[in-house]
Amino acid sequence: MVKDECKTLLNALNKVSACYRHLVTCAGGTSDSQNLREELKKTRRKAQVLAVANKNKLTTILKDKSISKDDRAEFERLWVLFSTCMEVLEIDMRRALELGQEFPLSAPTKRLIQTGVVGGTSAVAARAMNIQNMKYDEGNNIDTADLNDLEQEINEVGEMIYEMDMKVNVLQWTVEAKQGPGSELKSTVTAGASSLAVVCANGGGNEKLCDTNKVFAGTMFSAVLIIAIVLTVCIVKFA
C-alpha cells in the first residue's frame, strides 16, 4: 500500500537522521577520529538518499487531484513530518561543518573537548546504515576533503527544502496532529525504552504517588522548621 510505503520511508529517514545527530555530538570531542568523520559522511549520505526517495514519493501523491480528502490529510501530515526532519538534518549538517572546521584532525589547532563521552560510535553508524559492521577506507584522509563535500551537500539539502516548498503547497499550521504531545511515549514500552518512557507510560498511578510524596515532604519540612524554631528559642532563653 502506498501509504505504508511512505511511512516506512519516513521512519527510515527519521532513524538515520537521529543516528547522524548522535554522531555529530561526538565531533570535536575526545571520541572524535577519522573513523567518526567517515561514519558521519556515510550516514548523512544515506539520509540524503532516503530524503530524495521521500520527496519523490510524497510529491507525486500530493500532486494527484484524485486522492480522497482523508488520504490527502494523512499524506499532508506525513509531508509536514518529512519537512521537519529535513530541517533538522540541515541544522545538524551545518553543525558538523562548523565542528569539522574548528577541530581539524589532519592539522590540529585546538585540543579536543573533554565531553565525558567515551567509546566508539561504529555501532550507531552501523544501525543507521542497516549493516552489521562498518568498513573503513584505510589510509584515506577524509578530514579535509570531506569538509568541501559537506558544504556542497548542505547547499543541496537547502535547495531541496526550497524546491519542496515550491512544488507542494502544504500549510503546516493547517495540518492537525493525530496524537497528543508525548503520546508516542505512552503507546508501547519496548525492552530498550528509556526510564522516561516508562514513567510516561504509567503516568496515572505515578501522579498519585507524586502527590503523596509532596505531602510527606511538606510535613517533614514543617516538622524540621518547628524543631529549629524551638531550639532557637531555648538557646536564647537559657543563654
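Start by selecting Arg 44: at 1% relative accessibility, this arginine counts as buried. Keep in mind as you go that you're looking at a predicted model.

Now add Glu 153 to the selection. The side chains of Arg 44 and Glu 153 meet in a salt bridge, with N to O at 2.5 Å. This one ties distant parts of the chain together: Arg 44 sits in helix α2 and Glu 153 in helix α5 (residues 142-167), 109 residues apart. Is Glu 153 buried or exposed? Its relative accessible area is 6%, so Glu 153 is buried too, given that the cut-off for buried is under 20%.

Stay in helix α2 and pick Glu 38 and Lys 42. They're 4 residues apart, about one turn of the helix, and their side chains form a salt bridge at 3.4 Å, N to O. Check the surface for each partner: Glu 38 is buried, with a relative accessible area of 5%, whereas Lys 42, at 27%, counts as partly exposed.

Next stop, still on helix α2, which spans residues 34-62: select Asn 54. Asn 54 is buried, with just 1% relative accessible area. What does Asn 54 touch, leaving out residues up to four places away in sequence? Show Cys 6, Leu 9, Leu 10, Leu 13 and Phe 82, and you have the set. Zoom in on Leu 9 for a polar detail: its backbone oxygen lies 3.3 Å from a polar atom of the Asn 54 side chain.

Hop over to helix α5 and select Glu 163 with Lys 167. Here's another salt bridge, the closest N and O atoms being 2.9 Å apart. As with the earlier α2 pair, the spacing is 4 residues, about one turn of the helix. Both partners are partly exposed: Lys 167 has a relative accessible area of 42%, and Glu 163 comes in at 30%.

Then widen the selection to Arg 44, Arg 45, Asp 146, Asp 149 and Glu 153: salt bridges with shared partners join these residues into one network. Across the structure there are 14 salt bridges.

Finish by colouring by pLDDT. The protein averages 76, and 67% of the residues score at least 70. Where does pLDDT stay under 50? Select residues 188-209; for that stretch the model has 9 contacts beyond four places in sequence. Where pLDDT is low, predicted coordinates shouldn't be read in detail.

Methods: Residues numbered from 1 in each chain as written. Predicted model: local features only at pLDDT ≥ 70, side-chain atom pairs only at ≥ 80, totals over all residues. Heavy atoms only, no water. Helix = DSSP H or I, 4+ residues; strand = E, 2+ residues; numbered from the N terminus. Buried < 20%, exposed > 50% of the residue type's maximum accessible area, 1.4 Å probe, protein only. Polar contact = N/O pair within 3.5 Å; in protein donor to acceptor, adjacent residues only side chain to side chain. Contact = heavy atoms within 4.5 Å. pLDDT = per-residue confidence, 0-100. Salt bridge = Lys/Arg side-chain N within 4 Å of Asp/Glu carboxyl O.
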